[in-house]
Structure formats: C-alpha cells, structure tokens
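Thank you for letting me take a few minutes of the meeting. I would like to walk through one structure with you, slowly, and you can follow along on the screen.

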Amino acid sequence: MQSVDEIYSLLRTAGTRMQPVAVMYDGRPRLFCPHLLGKNKQGRRHAFCYQFGGTSESGLKAVGEGVGVWRCIVVEKLSAVELQSGIWHTEPRSNRQTCIEEVEFDADAQRGEDPQ
C-alpha cells in the first residue's frame with residue numbers, strides 16, 4: 001500500500017523524467033503524464049495531468065491513439081502508481097487551470113535540465 005507522500009513523490013519523479021504513469025483512480029485504470037503538482041485552495045494535493053489512456057467516469061474523447069485530455073486528479077484517490085516506459089504525452093494547455101492554487105512542481109519548467 002502506497003502512502004500519499006510516496007505517490008506524490010512518484011508523480012514528481014515521473015514529471016521530472018517525463019515518464020508516463022499507470023495508476024488506479026477511483027477504481028479505474030488510467031495512463032497519464034503529470035504536468036503540475038501542488039495544492040488546491042483547501043490545501044489538498046492535486047495533480048494536473050494529461051490522460052492518454054485507461055478509463056474514467058466521464059469517458060475520454062474519441063480521438064486518435066495517444067491523444068487525450070487534461071484532468072485534475074486528487075492525489076489521495078490514487079493507488080497502484082507505477083512509472084512506465086514510453087513517450088511523454090502532452091498538448092498545449094491553458095495557463096488558466098484552476099485545480100491547483102499553489103504549484104509545487106511544473107514538468108514543463110524542467111525542460112533542458114538533466115533530471116539524473
């Protein structure tokens with residue numbers, strides 16, 4: 001069983017290394033790339049992710065393989081988080097995301113740095 005701190009650390013590692021993750025979220029499997037980590041207005045940890053596979057209650061838009069949707073994920077609802085090999089998935093995002101008030105990590109700000 002992974003703690004919230006362990007999960008948050010794995011998400012940060014994935015973002016730093018630009019590796020996708022496989023997770024369970026609310027009992028559903030998901031594949032995503034965590035771009036932002038931080039806290040919402042209530043101080044709960046959230047991840048702003050690009051989901052490119054798996055399922056969700058609201059569904060994924062029907063588009064080409066590897067293309068997904070931006071999601072705000074409550075970190076404490078995650079389990080079975082595993083780093084995956086594979087390509088980093090993304091698309092342009094609005095700077096107006098509202099799920100994270102206090103950004104603690106931004107994967108896009110890591111470009112050009114050696115994560116090792």
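Let me begin with a term, since I will lean on it straight away: a salt bridge here is a side-chain nitrogen of Lys or Arg within 4 Å of a carboxyl oxygen of Asp or Glu. Please also keep in mind that what you are looking at is a predicted model.

With that rule in hand, the count in this model comes to 4 salt bridges, and I will go through some of them. Lys-39 forms one with Glu-104, where the closest N and O atoms are 3.8 Å apart, and this falls within the 4 Å that the rule asks for. Because Lys-39 lies in strand β2 and Glu-104 in strand β6, this pair ties together parts of the chain that are 65 residues apart in sequence. As for their surroundings, Lys-39 counts as partly exposed, at 27% relative accessibility, and Glu-104 is likewise partly exposed, at 30%.

Another of these salt bridges joins Arg-44 to Glu-76, with 2.8 Å between the closest N and O atoms. Here both partners sit in loops, Arg-44 between β2 and β3 and Glu-76 between β4 and β5, so the pair ties together parts that are 32 residues apart in sequence. Arg-44 counts as partly exposed, with a relative accessibility of 34%.

The side chains of Lys-77 and Asp-26 also meet in a salt bridge, at 3.9 Å from N to O. Lys-77 is in the loop between β4 and β5, while Asp-26 is in the loop between β1 and β2, and the two are 51 residues apart. Lys-77, for its part, is partly exposed, with a relative accessible area of 37%. As a general remark, side chains of opposite charge can pair when their charged atoms come close.

Let me turn from charges to the inside of the model. Which residues have the most contacts inside the largest nonpolar core? That core has 27 residues, and the ones with the most contacts inside it are Leu-11, Phe-32, Ala-47, Ile-73 and Leu-78. The elements that each give two or more residues to this core are the helix α1 and the strands β1, β2, β3, β4 and β5, and β3 gives the most, with 5 residues. If you look at Leu-78 on the screen and set aside residues up to four places away in sequence, you will find that Leu-78 touches Ile-7, Leu-11, Val-23, Met-24, Tyr-25, Phe-32 and Ile-73. In general, nonpolar side chains tend to be buried together in soluble globular proteins.

Next come the aromatic rings, where the count is 2 aromatic pairs. The rings of Phe-48 and Trp-70 have their centres 5.1 Å apart and their planes at 5 degrees, so this pair is stacked. Since Phe-48 lies in strand β3 and Trp-70 in strand β4, the pair ties together parts that are 22 residues apart in sequence. Tyr-50 pairs with Trp-70 as well, but edge-to-face, with 5.1 Å from centre to centre and 70 degrees between the planes. Tyr-50 and Trp-70 are both buried, and Phe-48, Tyr-50 and Trp-70 together form one aromatic cluster. Elsewhere, Arg-45 lies over the face of Tyr-8, at 4.4 Å from the ring centre.

Now to the cysteines: which of them form a disulfide? Cys-72 and Cys-99 do, with their sulfur atoms 2.4 Å apart, and the link is right-handed, with 105 degrees about the S-S bond. Cys-72 is in strand β4 and Cys-99 in the loop between β5 and β6, 27 residues apart. Cys-33 is in no disulfide, and the nearest cysteine sulfur, that of Cys-49, is 8.4 Å away. Cys-49 is in no disulfide either, its nearest cysteine sulfur being that of Cys-72, 8.1 Å away.

I will finish with the backbone. Most residues other than glycine have a negative phi, and most peptide bonds are trans. Met-18, which is found in the loop between α1 and β1, has a positive phi of about 55 degrees although it is not a glycine. Ala-80, in strand β5, also has a positive phi, of about 50 degrees, and is not a glycine.

Notes:
Residues are numbered from 1 along each chain as its sequence is written. This is a predicted model: local features need pLDDT of at least 70, side-chain atom pairs count only at pLDDT 80 or more; totals for chains, interfaces and linings use all residues. Side-chain values use heavy atoms; hydrogens and water are left out. A nonpolar core is a set of buried Ala, Val, Leu, Ile, Met, Phe, Trp, Tyr and Cys residues joined through side-chain atoms within 4.5 Å. Buried means under 20% relative accessible area, exposed over 50%, partly exposed in between (1.4 Å probe, protein chains only). Helices (H or I, at least four residues) and strands (E, at least two) are DSSP runs, numbered from the N terminus. Contact means heavy atoms within 4.5 Å. A disulfide is a pair of cysteine sulfur atoms within 2.5 Å. Rings of Phe, Tyr and Trp (its six-membered ring) pair if their centres lie within 6.5 Å; planes under 30 degrees apart count as stacked, over 60 as edge-to-face and the rest as tilted. A charge sits over a ring if NZ of Lys or CZ of Arg is within 6 Å of the ring centre and within 35 degrees of the ring normal.
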